[in-house]
Amino acid sequence: MATVLRAVLRPFRWLPSRPRPATEMPFRARSDGVGLLYPHHIPTSPLQKALLAAGSAAMALYNPYRHDMVAVLGETTGHRTLKVLRDQMRRDPEGAQILQERPRISTSTLDLGKLQSLPEGSLGREYLRFLDVNVSFQLLCTQSPDRTGE
């Protein structure tokens, strides 16, 4: 899909975009004038983001079970919201500590018994329910930080 999208949006490369430092990015990203956020990031211009947002919104409304389209919509439109959230966390002492320490959630840091004892509807209880439904507990327990890339 990314290849088709690049081919469709290639004529719009001439649109202006913000230049980024070229020292840490490959030639492909430098030629487009945008930076990489992570190793396999596909840089997009503002017009490309708008087209992706509109297309993914239409598809997500048409078929809400297309979680990939919901994710694309969030990724293309959520930049300002993430900045606001980050700024709110920086102003709060506990949020600032979390941003500074950047803790990882793993089975060694989770107290599953405590999560089970939390009231129904609380964040911790719902997180435990999410793990029960979506994650194999045996897989979580057998993974070490070396194998997960942490």
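This is a short chat about the predicted model shown above.

Student: What should I know before we start?
Tutor: This is a predicted model, where local features need pLDDT of at least 70, side-chain atom pairs count only at pLDDT 80 or more, and totals for chains, interfaces and linings use all residues. Residues are numbered from 1 along each chain as its sequence is written, and side-chain values use heavy atoms, with hydrogens and water left out.

Student: OK. How many helices and strands does the chain have?
Tutor: Ten helices and zero strands. Both are DSSP runs numbered from the N terminus: helices are H or I with at least four residues, strands are E with at least two.

Student: What share of the residues is buried?
Tutor: Of the 150 residues in the chain, 16% are buried. Buried means under 20% relative accessible area, exposed means over 50%, and partly exposed is in between, using a 1.4 Å probe and protein chains only.

Student: And how much area does the chain expose?
Tutor: About 12100 Å², with 61% of it supplied by carbon and sulfur atoms. The areas come from the Shrake-Rupley method with a 1.4 Å probe; for residues, only the protein chains shown count as cover.

Student: New topic. How do α5 and α6 pack?
Tutor: Helix α5 covers residues 79–91 and helix α6 covers residues 93–101. They pack at about 110°, with their axes 5 Å apart. That makes α5 roughly perpendicular to α6. Axes are lines fitted to C-alpha atoms, for helices over the stretch in contact, and angles run from 0 to 180 degrees between N-to-C directions. Under 35 degrees is roughly parallel, over 145 roughly antiparallel, 65 to 115 roughly perpendicular, and the rest oblique.

Student: Which residues make the contact?
Tutor: From α5, R86, M89, R90 and R91; from α6, P93, G95, A96, I98 and L99. Contact means heavy atoms within 4.5 Å.

Student: Any aromatic pairs? What is there?
Tutor: The structure holds one aromatic pair. The ring centres of Y127 and F130 are 6.3 Å apart and their planes lie at 20°, so the pair is stacked. Rings of Phe, Tyr and Trp (its six-membered ring) pair if their centres lie within 6.5 Å; planes under 30 degrees apart are stacked, over 60 edge-to-face, the rest tilted.

Student: Where do those two sit?
Tutor: Both are in helix α8 (residues 123–134), three residues apart, about one turn of the helix. Y127 is partly exposed at 29% relative accessible area. F130 is partly exposed too, at 43%.

Student: What's odd about R102?
Tutor: R102 has a positive phi of about 50°, although it is not a glycine. Most residues other than glycine have a negative phi. R102 is in the loop between α6 and α7, and it is exposed at 68%.

Student: Last one. Where is E75?
Tutor: E75 lies in helix α4 (residues 67–77). E75 is exposed, at 62% relative accessibility. The C-alpha atoms of E75 and K49 are 9.1 Å apart, and the two residues are 26 residues apart along the chain.
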